[in-house]
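This briefing reviews selected features of one structure, grouped by topic. It turns to strands, then to aromatic and charged contacts, and then to internal space.

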Amino acid sequence: MDLLSFVDLPTCLVLVLTTGILFYLYGIWPFGVWKSLGMDGPKPSPFIGNFYQLVKEGMEPFIEKRSKKYGRTFGIYYGRDPMLVTTDLDILKEVLVKNFNQFTNRFEKLEIFPEEVGSMLPFTTGAQWKRIRHILTPTFSTGKLKQMEHHIQRCSTQLTKNIEEAVRKGEKIEVKRFFGAYTMDVIAGTAFGLEVNSQKDLDHPFVRNAASAAVDLSSQGSLLVLLAKAFPFLTPLIKFLIKNVFHPRGVKSFIGNIRHIIKERKLEGTANRKPDLLQLILSCESNETDRMNVLSRVEVVAQALTFFGAGYETTASTLQFMAHSLALHPEVQEKIVCEIKEQLGDEIPTYEGVSKLKYLDGAIHETLRMYPPSIAGNRMASEEVTIKGVTIPKGAGVMIPIGNVMKDPEYFPEPDKFIPERFSEGSIDPISFLAFGFGPRLCIGMRLALLEMKMAMVHVLRRIKFMKTDDLQETLKIQTGTRLRFPDQAIVIKAVMRDNC
């Protein structure tokens with residue numbers, strides 16, 4: 001029987017029109033939040049908010065342009081959820097430190113991803129975050145870092161040999177390829193106790209799966225996170241699709257590797273095993289006497305994944321940008337070399353030794369200021385909070401524009417100039433340097449990353465000189481649409497052996 005026998009055409013049209021209107025209203029319904037609170041901001045698009053603008057323009061240009069129009073603090077929408085964007089250091093200090101209990105968690109909810117991803121320290125929330133952070137903190141103590149020196153020494157020596165080999169062949173140095181191999185090898189050693197030379201052995205199972213996992217982790221599935229925020233009722237479907245259709249094969253294979261390593265260690269025991277990060281957290285898995293200091297197997301795997309995700313791409317990225325900056329600024333490069341000679345002589349660099357290299361430390365911090373690996377961070381308000389007259393409603397996000405803050409001329413005069421000395425003058429507001437975050441959620445692996453970068457540069461700069469050439473691009477173009485900072489094209493630098501080599 002014809003459907004029109006029951007419902008006439010005008011009624012059908014009214015139903016379709018009503019459904020369309022209701023659907024549209026659903027997509028824009030939350031967009032009056034900031035206006036009702038007296039906060040200006042750019043106009044959002046239905047369902048996706050300002051996401052398209054952020055991706056199309058790039059996060060830093062988007063924020064810089066809107067800050068000129070609306071001021072240091074303005075409101076946007078990520079999907080249908082409100083998010084405050086601010087480069088005001090007083091507000092950021094309240095969010096990251098003074099009111100931390102109201103901004104403990106990140107804005108993204110990663111329940112759509114595998115449990116091991118959601119249980120990684122950066123993505124955990126509430127009591128779980130507090131427990132895991134408490135357990136992991138001693139893992140990065142001075143004593144533990146010293147125990148990992150031998151891994152970093154071996155990898156730094158191999159890095160230098162690899163670059164020397166290319167230099168002697170007359171090849172230019174694609175710096176990310178060399179430093180990426182270095183950080184891969186350091187993570188393999190310090191976290192998993194594996195001795196690999198990924199520059200030479202690309203077929204090693206750990207290297208192959210880790211490289212694939214790095215691609216998955218750097219993409220972060222932001223589009224799927226946005227879809228879940230725009231249509232919360234689709235979350236179960238999105239989770240199903242990720243698991244069965246769009247599942248991150250690299251992460252899945254890498255997790256399989258980690259589980260295999262754990263299984264072998266359980267069978268072998270810990271006798272005569274040198275400590276590494278995995279072994280240290282595995283000791284917390286079997287702690288039955290103190291439930292506050294115990295990790296589940298999923299959490300152990302997740303933290304192993306955290307060590308890799310946080311330590312590979314970000315450190316390699318910083319080292320490649322530093323090599324580029326040193327090539328453009330030979331006077332800075334030579335000051336570092338002179339400092340190494342004065343403070344260390346020909347000694348093998350150690351934890352105590354590299355701590356004396358204040359100018360090298362400043363050069364690394366200046367590189368991180370100009371090229372922070374992560375462009376922005378975020379927090380979520382667990383309850384309504386008012387800071388400096390700005391009301392942040394419960395559930396709203398706060399974007400921390402890391403790149404914009406660290407290139408703000410009010411905080412860093414002449415922000416486009418590479419000036420390591422600015423970090424030895426004591427005039428910088430500590431919260432304006434956000435490369436590792438700030439407050440209780442400061443990057444837990446910061447000291448390991450700095451040690452790794454300093455030891456690499458000591459080894460390399462003793463033997464190699466990065467050269468400024470006419471074809472070396474001075475202003476690097478950065479990819480848009482990503483939260484991690486990637487150059488638009490590979491950075492290739494001429495290098496030569498130093499005269500005393």
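**Strand pairing around β2**

In β2, Met83 is the bridge partner of Ile76. The model is predicted, and the points below describe its strands, ring contacts, cavity and second largest pocket.

- Strand β1 (residues 73-78) is joined to β2 by 6 bridges, and the two run antiparallel.
- The hairpin of β1 and β2 has 2 residues between the strands, and Gly79 takes a positive phi near 70° there.
- Strand β7 (residues 397-400) runs parallel to β2, with 3 bridges joining the two.
- Within this pairing, Val398 in β7 stands opposite Leu84.
- Strand β2 (residues 81-86) is mostly covered, as 5 of its 6 residues are buried.

**The sheet of β3, β9 and β8**

- These 3 strands form an open sheet in the order β3-β9-β8, and their pairing is antiparallel.
- The edges are β3 and β8, each of which pairs on one side only.
- Strand β3 (residues 173-174) pairs with β9 in the antiparallel sense over 2 bridges, and Ile173 stands opposite Ile493 in β9.
- Strand β8 (residues 464-467) also pairs with β9 in the antiparallel sense, over 4 bridges, and Phe466 stands opposite Ala495 in β9.
- In a regular strand, side chains alternate between the two faces of the sheet.
- Strand β9 (residues 492-497) shows such alternation: Ile493, Ala495 and Met497 point to one face and are buried, whereas Val492, Lys494 and Val496 point to the other and are not buried.

**Aromatic pairs**

- The count of aromatic pairs comes to 13.
- Tyr26 and Phe47 form a tilted pair because their planes stand at 45°, a value that is neither under 30 nor over 60 degrees; their ring centres are 6.4 Å apart.
- This pair links distant parts of the chain, with Tyr26 in helix α1 (residues 9-28) and Phe47 in the loop between α2 (33-36) and α3 (51-57), 21 residues apart.
- Tyr26 has a relative accessible area of 25% and is therefore partly exposed, while Phe47, with a relative accessible area of 13%, is buried.
- Phe412 and Phe423 form another tilted pair, at 6.4 Å centre to centre and with 35° between the planes.
- Both Phe412 and Phe423 lie in the loop between α21 (402-406) and α22 (446-463), so the pair ties together parts that are 11 residues apart in sequence.
- Phe412 counts as buried because its relative accessibility is 0%, whereas Phe423 counts as partly exposed at 24% relative accessibility.
- Phe192, Phe254, Phe308 and Tyr312 are linked into a cluster by ring pairs.

**Charges over rings**

- The ring of Tyr26, in addition to its pairing with Phe47, has the charged end of Arg80 over it, 3.8 Å from the ring centre.
- Lys407 lies over the face of Tyr371, and the distance to the ring centre is 5.9 Å.

**Cavity**

- Rolling a probe the size of a water molecule over the atoms shows where empty space is left.
- The structure holds 1 cavity of 30 Å³ or more, and the volume of the largest cavity is about 40 Å³.
- The lining of the largest cavity consists of Cys155, Gln158, Leu159, Asn162, Phe178, Ala181, Tyr182, Asp185, Asn197 and Gln199.
- Helices α9 (149-168) and α10 (175-192) each supply at least two residues of this lining.
- By class, the lining of the largest cavity has 5 nonpolar, 4 polar and 1 charged residues.

**Second largest pocket**

- The second largest pocket holds about 850 Å³ of space.
- It is lined by 36 residues, and those closest to its centre are Glu60, Glu64, Met370, Lys407 and Asp416.
- Lys407 thus belongs to this lining as well as lying over the face of Tyr371.
- Helices α4 (59-70), α17 (313-328) and α21 each supply at least two residues of the pocket lining, and the largest share, 7 residues, comes from α4.
- The residues of the pocket lining divide into 12 nonpolar, 13 polar and 11 charged.

Notes. Residues are numbered from 1 along each chain as its sequence is written. This is a predicted model: local features need pLDDT of at least 70, side-chain atom pairs count only at pLDDT 80 or more; totals for chains, interfaces and linings use all residues. Side-chain values use heavy atoms; hydrogens and water are left out. On a 1 Å grid over the protein atoms alone, a cavity is a set of points where a 1.4 Å probe fits but cannot get out, and a pocket is an open set with protein on both sides within 12 Å along at least five of seven lines; lining residues have an atom within 4 Å of a point. Grid points are joined across faces, edges and corners, and a volume is the space filled by probe spheres set on the points. Ala, Val, Leu, Ile, Met, Phe, Trp, Tyr, Cys and Pro count as nonpolar, Asp, Glu, Lys and Arg as charged, and the others, Gly among them, as polar. Buried means under 20% relative accessible area, exposed over 50%, partly exposed in between (1.4 Å probe, protein chains only). Two strands pair if DSSP finds at least two bridges between them. Rings of Phe, Tyr and Trp (its six-membered ring) pair if their centres lie within 6.5 Å; planes under 30 degrees apart count as stacked, over 60 as edge-to-face and the rest as tilted. A charge sits over a ring if NZ of Lys or CZ of Arg is within 6 Å of the ring centre and within 35 degrees of the ring normal.
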